[in-house]
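Open your viewer, get comfortable and keep the selection box within reach. We will walk through one protein chain stop by stop.

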Amino acid sequence: VHEAGNHETVWKKVAYMLWGIADKNETYFTAAVNGFEDFYGTMRSDGTFKGEHKKGDGGNYGISSGNEVGQAMVVMAIILHNQGIDVRKEYPKIEMFVRWASKNYKDPEKSGLAIDGSVSNNHLQFMSDDPQEKNTLGWMFLWDQVFGTNYSKDFDVYEKVRSLVTFGITSPEMIIINKSQ
């Protein structure tokens with residue numbers, strides 16, 4: 001049974017994927033890939049998430065929770081890439097999300113999703129000097145490192161914003177990727 005794709009359930013899929021690989025457990029890995037594809041199915045053609053990127057004043061609307069889902073999807077896409085799957089070809093909406101985020105985080109008001117600073121889900125706290133652990137821009141820096149893109153080039157922001165604390169990564173910019181592996 002798969003839950004609706006949102007910021008509260010996406011981390012279970014990441015954990016299944018990591019456990020499936022670490023334990024060579026096909027059941028967990030397959031469940032993770034199915035969950036990833038379910039979430040992928042909730043993405044619009046521009047890479048935004050139907051269940052998270054909404055206008056309005058609901059508790060789960062806006063950029064911040066969508067950023068958290070996007071972060072997890074990017075992390076899973078990188079894991080799948082390292083398992084030999086061409087995610088840029090098979091799942092192009094993931095990169096569309098990275099592109100959308102890179103463009104819209106520069107001027108979030110233009111997106112129509114950052115309504116006002118008083119609504120916690122819309123105040124872009126992942127770009128502050130004290131971002132939430134699971135809600136930073138570290139995934140964008142990591143995407144650039146893995147795929148040789150430059151979506152994060154305009155984000156010269158706080159060191160904490162570049163981290164992926166959940167995965168023990170303090171600076172994705174420093175990860176060295178051996179292209180020959």
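The tour visits a helix, then the nonpolar core, then some charged pairs. Keep in mind along the way that this is a predicted model.

**Stop 1: helix α2**

Select residues 26–40, which make up helix α2. How far apart are the end C-alpha atoms of this helix? They are 20 Å apart. At 1.5 Å a residue, the 15 residues should span 21 Å, so the model agrees with the expected value.

Next, colour A32, V33, G35, F36, F39 and Y40, which are buried in α2. Turn the view until you look down the axis of α2: the buried residues fall within an arc of 160 degrees, so they line one face of the helix. A bit of helix geometry is handy here: an α-helix has 3.6 residues a turn, so residues three or four places apart point the same way.

Now look at the face turned away from the buried side of α2, where you will find the exposed residues E26 and T27. To see what covers the buried residues, show the neighbouring elements, including α1 (10–22), α3 (63–82), α4 (87–90) and α5 (92–104).

Before leaving, select N25, which caps the N-terminal end of α2. Draw a distance from its side-chain oxygen to the backbone nitrogen of T27, and you should get 3.0 Å.

**Stop 2: the nonpolar core**

In soluble globular proteins, nonpolar side chains tend to be buried together. Here, the largest nonpolar core has 48 residues. Show M73, I94, F97, Y105, L137 and W139 as sticks, since these touch the most other members of that core. Which elements give two or more residues to the core? They are α1, α2, α3, α5 and α7. The largest share comes from α3, with 11 residues.

Zoom in on W139. Apart from neighbours within four places in sequence, W139 is in contact with N67, Q71, V74, F97, V98, A101, Y105 and L164.

**Stop 3: charged pairs**

Side chains of opposite charge can pair when their charged atoms come close. How many salt bridges does the structure hold? There are five, and we will visit some of them.

Start with K106 and D154, whose side chains meet at 3.0 Å, N to O. This pair links distant parts of the chain, 48 residues apart: K106 sits in the loop between α5 and α6 (108–111), and D154 in the loop between α7 (138–147) and α8 (159–162). K106 is partly exposed, at 45% relative accessible area, and D154 is partly exposed too, at 43%. Add K153 to the selection and you will have a network of salt bridges linking K106, K153 and D154.

Move on to K160 and D130, which meet in a salt bridge of 3.9 Å, N to O. They also link distant parts of the chain, with K160 in helix α8 and D130 in the loop between α6 and α7, 30 residues apart. Is D130 buried or exposed? At 55% relative accessibility, D130 counts as exposed, whereas K160 is partly exposed at 48%.

Finish with R162 and E159, a salt bridge whose closest N and O atoms are 3.3 Å apart. Being three residues apart in helix α8, these two are separated by about one helical turn. R162 counts as buried, at 8% relative accessibility, while E159 is partly exposed, at 43%.

Methods. Residues numbered from 1 in each chain as written. Predicted model: local features only at pLDDT ≥ 70, side-chain atom pairs only at ≥ 80, totals over all residues. Heavy atoms only, no water. Helix = DSSP H or I, 4+ residues; strand = E, 2+ residues; numbered from the N terminus. Expected span 1.5 Å × (residues − 1). Buried < 20%, exposed > 50% of the residue type's maximum accessible area, 1.4 Å probe, protein only. Arc of directions from axis to C-beta. Contact = heavy atoms within 4.5 Å. Polar contact = N/O pair within 3.5 Å; in protein donor to acceptor, adjacent residues only side chain to side chain. Salt bridge = Lys/Arg side-chain N within 4 Å of Asp/Glu carboxyl O. Core = buried A, V, L, I, M, F, W, Y, C linked by side-chain atoms within 4.5 Å.
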